[in-house]
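I opened the notebook to record what I looked up in this structure, place by place. The entries follow the order in which I went through them.

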Amino acid sequence: MADLSVWKSPEITGWRRLPAHAVQRRGITLDGRWRFQLLPRPDVSPGDRWTEIDVPGVWTMQDFDDVHGVADRPQYTNFQMPWPDLPPRPPSANPTGVYEREADVPAEWAGRRVVLHVGAAESVVLARVNGIDVGMGKDSHLAGEFDVTHAVRPGEPNTIGLTVVKWSDATFVEDQDQWWHGGVTRPVHLYVTERLFVDDVHIRAGLADGGAGDLRVDVQVRSADGLLPEGWHVRAWLDSHELAIDEGYAALLVEREQNSRYLGRVRFRATVPAVRAWSAETPELYGLTVRLYRPDGTVADETRHRAGFRNVEIVGRDLLVNGVRVYIRGVNRHDFHPRTGRVVSAEDMRADLVTIKRFGFNAVRTSHYPNDPVLLDLADELGLYVVDEANIESHANGTEIADDPAYLPVFLDRVSRMVRRDKNHPSVIIWSLGNESDYGVNHDAAAGWLRGYDPTRPIQYEGAIKYDYEHGTASDIACPMYASIDEIVDYARSGRQTRPLILCEFSHAMGNSNGSLSDYWAAIESTPGLQGGFIWEFWDHGLLQRVTDGRPAPEGGYADGVTEPGYRWAYGGDFGDRPNDGNFCIDGVVFPDRTPKPVMFEHREIAAPVRIELDSVVSGGAVRVRVHNRQHFRDLSWLTAEWELAAPGGPLGTAPAELPPIPAGGSATVEPPSELLAELLTGLSELGEAWLTLRVTTRHDLPWAPAGTTVCLPQVRLRDESRDLLARAGTGAEQAAWPVEIDGEGLLVHPLLASPPTLSVWRAPTDNDRIGGIAARWEEQGLHALTRKLVDVARQDGRIVVRAEYAGAPGVSIAHEQVLTPLAGGLLVQETAVLPDLLADVARVGSVWETVAGFDEFEWFGQGPWETYPDRRTGGPVGAYRAEVDQLFTPYVRPQESGGRHAVRRFTLTGGIGGDAARLAIHLDEPRQVSVTRHRDEDLAAASHHDELVPLARCVVHIDAAHRGIGTASCGPDTLPPYLVGPGTYTWSWVLSFT
């Protein structure tokens, strides 16, 4: 084995590793089962006893015979290092995987150049072929390629060996917010070229005046024998059109003696008339073929590429794509899979990007390292802008490493190899120097190299502008993380701004989160200089873990979405990992199985390509709606639509909608069919309120969505609701046939209620509540455990007035009044609560009660069908919905407040009680926040995982006069002031009917 110093010395980034390039080659796959031993340290020699393991695969997520007892399991930290030593010293206990397998190398490969490609390994890989060391590489997220021609034996089996050392000096610049694993994480293969081969291809495909494309292709040629033969030549084709050699460039090379016999260079130039431009909306690609010929005219090598013609530039405060200021509606994405950890297949990556596209995103930041080239191929094809990020994050030691000359080669190596590999992808519009590594001369050095090598794309790095958006030469973009709306708007209006502002991270998606996402976008769209951002992040990093507490799992799995009985989603600490940062890795817009969270529907509507507004109601009652095309490049011809009319009584009908071919940025007025609106317009509908929704879908099959996929659901209100609660509830003011019953404490009694309506001002803390500190304040105030004391009961005119006091910690007292009025077929409940000034910020003010078992179906008129909250409601159109009660609860990985529906006007619960059908209907005085689940708040708050929860057979019902927004306080701004619930008097009324 090589000298141990190689994984302790940052100056050594690789040994005999080939330079990075943009030529993707395939050959003999080495993926599959390998012999394997996991050693406790790299200086321990492997024994004779081998087990087997999958490649690609991380050993931390695989079952194998751990003969050396290393027991290395996943570990999650946000930025703290897993061991206390300072850079560049790795720990002495350093799991090391030794891999071996045989590979048959074809006899016809004799005399040709053979390369071993290791897609990625965490964090150091040493490669051997037939016992001969062939190279070493560091960088857990870029491939290492090694010329193994001298070591292979064509025509017979060859032993391929890999030694992967988990911790190294390089680990200090891979201190990213994700699970720590060890192993080979991307595919491994052998490929072959002729001795004369295409070493690299550099494509620059831009747009020129008059709609033409400007193409430049630089080809680099090498020979494995050192000297290039006289008479070699290169030809290239764009689709079927042959390109012309740039003779001026060739002459320049001869004059400067750069076209040496060791390195051949050829440049092709072409003007492509009427070129089809590439953008995220129109991902047009051309095929490019490069052929290298021997002196005798035979083909020595052929490489194939895809070119997308587009321009990227910064003009003033604007980032322009093809001359247009585009909004960056982005999301950060890690490589993740709940079963395999860091290992993701091509199918996984496609599924990720398809999901991202379907929910309105147009950009991805590869946080915080270069992804597999397959992902960039997919982004080129599907249409996504990419911020390609170098594998540099020294979060725990950023200040030291940013200026450490020992780490200068690391910065240059990682940035340059990423750029050399990914330079031809049109989807890559911005290079990133890494993440959260402070700022120093090493960043400036890397930026300087990058600007010289690729001046066609801007550079971003948050650390350069962290303390002053106008500071730092290493970032062309002001790319802050978790800045407040006020902060970014103030900057844009300050007069100081000289570069576009695009948040590299914002709207932290931990648990029930992403409050005020619509407020961010309202500010972005109305403020010049603000251009978008990247939500943190795509994935909940919950790993699949077997539950071993001995309790039987419920049929169908736990409520957190894990459908395999006996398993759950695990986070930091669940594997006994110390130190850890708990569930801070559970912070995505999708669950660990890629199920979209409610925020995805919020984002889909915010990013909608179509928006509508009520233009007018003209004579005769006809309705005119203005339709806006919010895209940057294309018209609406790729979409189709349908009008839907809804009222509290349910859907009133649908009708096809004709979408005009409105150009990008344009608008037009349309009239929904009069027959759809006839009942509404003639006054026959007695339900008052009415909403018109435009269901917009894909017209044809697309690479990311089949025909008929919902794209957005813009909506306008045609008529306001009646304010008469009793009229809407369909009840009279006369006394009901049954009397109102209360117990000795003044609490309502009814056979269908297992628990009476009482005051609620607390919720099961969300991750934002808990980490942001507000939950601790609520507990200090005793809001989670209020005690109720009856003050008095008064009966007058058939009504019962119940006054009570709810007490928390010393000094905390809330006065509550409940007026119960019997009606014909129901009960009117009128409530008042007075919060003292001491309670400046509470979770909610409202009623909570429980039904008896048997109510299984929930119908409502309000926002839906998915979960909505006061500061996350844009994606929930108002309508009439129905769902099973068990499906209303959103199974956030760590249990917390969940399942709310905003602006509910009425709802019903139905089911069977004792063999008889039962129905419970509630009408609300005005749109309120409502939730119906199988869990009490205190049970949710006490649980850390869903396998600890036991769902109730009864329904837990919350009706809130006011509910605190959810904000993003786990990492970012707390709930904004308009969505806070403070001191004062709150009143709310509701009619309860039993049948």
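I began with Val 590, which I found in the loop between strand S36 (567–570) and helix H9 (598–606); helices (H or I, at least four residues) and strands (E, at least two) are DSSP runs, numbered from the N terminus. The model is a predicted one, in which local features need pLDDT of at least 70 and side-chain atom pairs count only at pLDDT 80 or more, while totals for chains, interfaces and linings use all residues. Residues are numbered from 1 along each chain as its sequence is written, and side-chain values use heavy atoms, with hydrogens and water left out.

Is Val 590 buried or exposed? I noted a relative accessible area of 0%, so Val 590 is buried, where buried means under 20% relative accessible area, exposed over 50% and partly exposed in between (1.4 Å probe, protein chains only). Accessible areas come from the Shrake-Rupley method with a 1.4 Å probe, and for residues only the protein chains shown count as cover. Not counting residues up to four places away in sequence, Val 590 touches Thr 355, Phe 538, Trp 539, Asp 540, Thr 595, Pro 596, Lys 597 and Met 600, with contact meaning heavy atoms within 4.5 Å. I also looked up the distance to Tyr 892, which is 302 residues from Val 590 along the chain, and found the two C-alpha atoms separated by 10.0 Å.

Next I went through the backbone of the loop between S36 and H9. Pro 579 lies in this loop, and a cis peptide bond with omega of about -5° joins Arg 578 and Pro 579. Arg 594 is found there too, and I recorded its phi as near 75°, a positive value in a residue other than glycine.

I then turned to other backbone entries. A cis peptide bond joins Trp 536 and Glu 537, with omega about -10°, and Glu 537 lies in the loop between strand S34 (530–535) and strand S35 (543–546). Asp 797 has a phi near 50°, a positive value in a residue other than glycine; its place is in the loop between strand S48 (787–796) and strand S49 (799–807). At 75% relative accessibility, I entered Asp 797 as exposed.

What covers the buried residues of helix H3? I first noted that H3 (residues 373–382) is mostly covered, since seven of its ten residues are buried, namely Pro 373, Leu 375, Leu 376, Leu 378, Ala 379, Asp 380 and Leu 382. The cover includes strand S23 (299–307), helix H2 (346–358), strand S29 (385–389), helix H5 (408–422) and strand S31 (428–432). At the N-terminal end of H3, Asp 372 acts as a cap, with a side-chain oxygen 2.8 Å from the backbone nitrogen of Val 374. After H3 comes Gly 383, whose phi is positive, near 95°.

I looked up two threonines in strands. Thr 163 lies in strand S12 (residues 157–165) and is buried, with a relative accessible area of 1%. A polar contact of 2.8 Å joins its side chain to that of Arg 128; a polar contact is a pair of N or O atoms within 3.5 Å, where within protein one must be able to donate a hydrogen and the other to accept it, and residues adjacent in sequence count only if both atoms are side-chain atoms.

Thr 693 lies in strand S42 (residues 690–698) and counts as buried at 7% relative accessibility. Its side chain makes a polar contact of 2.9 Å with the side chain of Gln 715. Leaving aside neighbours within four places in sequence, Thr 693 is in contact with Glu 642, Trp 643, Glu 644, Leu 713, Pro 714 and Gln 715.

Last, I took down the totals. The protein has 14 helices and 58 strands. Its radius of gyration is 32 Å, close to the 30 Å that the globule rule gives for 995 residues, so the protein is as compact as a globular protein of that length; the radius is taken over C-alpha atoms, and the rule is 2.2 Å times the number of residues to the power 0.38. Of the 995 residues, 61% count as buried.
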